[in-house]
Amino acid sequence: MTEDRCRLVLIVPDIADPAMRCETVANALRGGDVASVIIPQYGLDDGEFQKHAELLVPVIQEAGAAALIVDNSRVAGRVKADGLHITGNAEALAEAVEKHQPKLIVGGGNAMDRHHALEVGETQPDYIFFGKLDGDIKPEAHSKNVALGEWWSAMIEIPAIVMGGADPSSAVVVAEAGVEFVALGKAVFEDPANAATIVARVNAELDEKAPRFAD
């Protein structure tokens, strides 16, 4: 059962060609359990972004993962995504929660400390995200985000996603902090040909080492 331990969230890489981007993500999803996939806009205009999302969303959903569009509720609605990932502050998140829950999953964060995290929590999102979507610049997860995730998960019901590092093994460190989800970007997609193998390996390591959640 993967449901009772930390699960993987993937962040779609910035690939200009929609078909190649879709194939890269599809390949990663063949590696095993992924809870959700976050799709950033990366400076594309809305029309181009929608084309990318129209290809990606069905592939993600067929793999049993939730497709989360970053910040663009119009595109999320048009492509029948499962949810919205909000990168703005608590105010932006509160607005999205009010408008789109429960039809869509709505989560996000931008919580740099405990005070901000609690403000985010008050908006009742479906999850809180610690770190930046492109924050995987070092091999390990940022220690501050891991510490925030550990504090949050021990205290608050709303699930946490913590941004991992550029090394796939950073997922286990996040899991050991008791966090519900770990997000990986570069760790999986830096070497697209091996994305499925990396996802499989991370899942195997989480099966072996991640603490189990009590019901």
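**Exercise 1. Find out which residues Val188 touches in this predicted model, and where Val188 sits.**

Step 1: skip the neighbours within four places in sequence. What's left in contact with Val188 is Leu10, Ala28, Ala195, Ile198 and Val199.

Step 2: look at the secondary structure. Val188 belongs to helix α8, which runs over residues 186-189.

Step 3: check the accessibility. Val188 comes out at 0% relative accessibility, and buried means under 20%, so Val188 counts as buried.

Step 4: add a distance. Pro168 is 20 residues away from Val188 in sequence, yet their C-alpha atoms are 6.9 Å apart in space.

**Exercise 2. Work out whether His52 is buried or exposed, and list its contacts.**

Step 1: locate the residue. His52 is part of helix α2, residues 46-62.

Step 2: read off its accessibility. The value for His52 is 1%, so this histidine goes down as buried.

Step 3: collect the partners, again ignoring anything within four places in sequence. His52 contacts Ile15, Ala16, Asp17, Pro18, Arg21 and Leu44.

**Exercise 3. Count the disulfides, then check how accessible Cys6 and Cys22 are.**

Step 1: recall what you're looking for. A disulfide is a covalent bond between the sulfur atoms of two cysteines.

Step 2: count. The structure has 0 of them.

Step 3: take the two cysteines one at a time. Cys6 has a relative accessible area of 1%, so it is buried. Cys22 has 11% relative accessibility, which also puts it under the 20% limit for buried.

**Exercise 4. Track down the backbone oddities: which peptide bond is cis, and where do Lys80 and Gln124 lie?**

Step 1: start with omega. The bond from Gln101 to Pro102 is cis, with omega near -5°. Pro102 itself is in the loop that links α4 (90-100) to β5 (105-109).

Step 2: move on to phi. Lys80 isn't a glycine, but its phi is positive, near 55°. You'll find Lys80 in the loop between α3 (73-78) and β4 (83-86).

Step 3: do likewise for Gln124. Here phi is about 55°, again positive in a residue that is not a glycine. Gln124 lies in the loop between α5 (114-122) and β6 (127-130).

Step 4: compare each with the cut-off for exposed, which is over 50%. Lys80 has 65% relative accessibility, so it counts as exposed. Gln124, at 52%, counts as exposed too.

**Exercise 5. Decide how compact the chain is for its length, and describe its overall make-up.**

Step 1: tally the secondary structure. There are 9 helices and 8 strands in the chain.

Step 2: compare the radius of gyration with the globule rule. The chain gives 16 Å, close to the 17 Å that the rule gives for 215 residues, so it is as compact as a globular protein of that length. Along the principal axes, the C-alpha atoms fill a box of roughly 40 × 40 × 30 Å.

Step 3: look at burial and contacts. Of the 215 residues, 53% count as buried. Among contacts with a separation of 6 or more, 60% are between residues 24 or more positions apart.

Step 4: turn to the surface. About 9,900 Å² of the chain is exposed, with carbon and sulfur atoms supplying 52% of that.

Step 5: finish with charge. The chain carries 18 positive and 34 negative charges, and the mean positions of the two sets are 3 Å apart.

Definitions and conventions
Residues are numbered from 1 along each chain as its sequence is written. This is a predicted model: local features need pLDDT of at least 70, side-chain atom pairs count only at pLDDT 80 or more; totals for chains, interfaces and linings use all residues. Side-chain values use heavy atoms; hydrogens and water are left out. Helices (H or I, at least four residues) and strands (E, at least two) are DSSP runs, numbered from the N terminus. Buried means under 20% relative accessible area, exposed over 50%, partly exposed in between (1.4 Å probe, protein chains only). Contact means heavy atoms within 4.5 Å. A disulfide is a pair of cysteine sulfur atoms within 2.5 Å. The radius of gyration is taken over C-alpha atoms; the globule rule is 2.2 Å times the number of residues to the power 0.38. Accessible areas come from the Shrake-Rupley method with a 1.4 Å probe; for residues, only the protein chains shown count as cover. Lys and Arg count as positive and Asp and Glu as negative; His and the chain ends are not counted. The place of a charge is taken as NZ of Lys, CZ of Arg, CG of Asp or CD of Glu.
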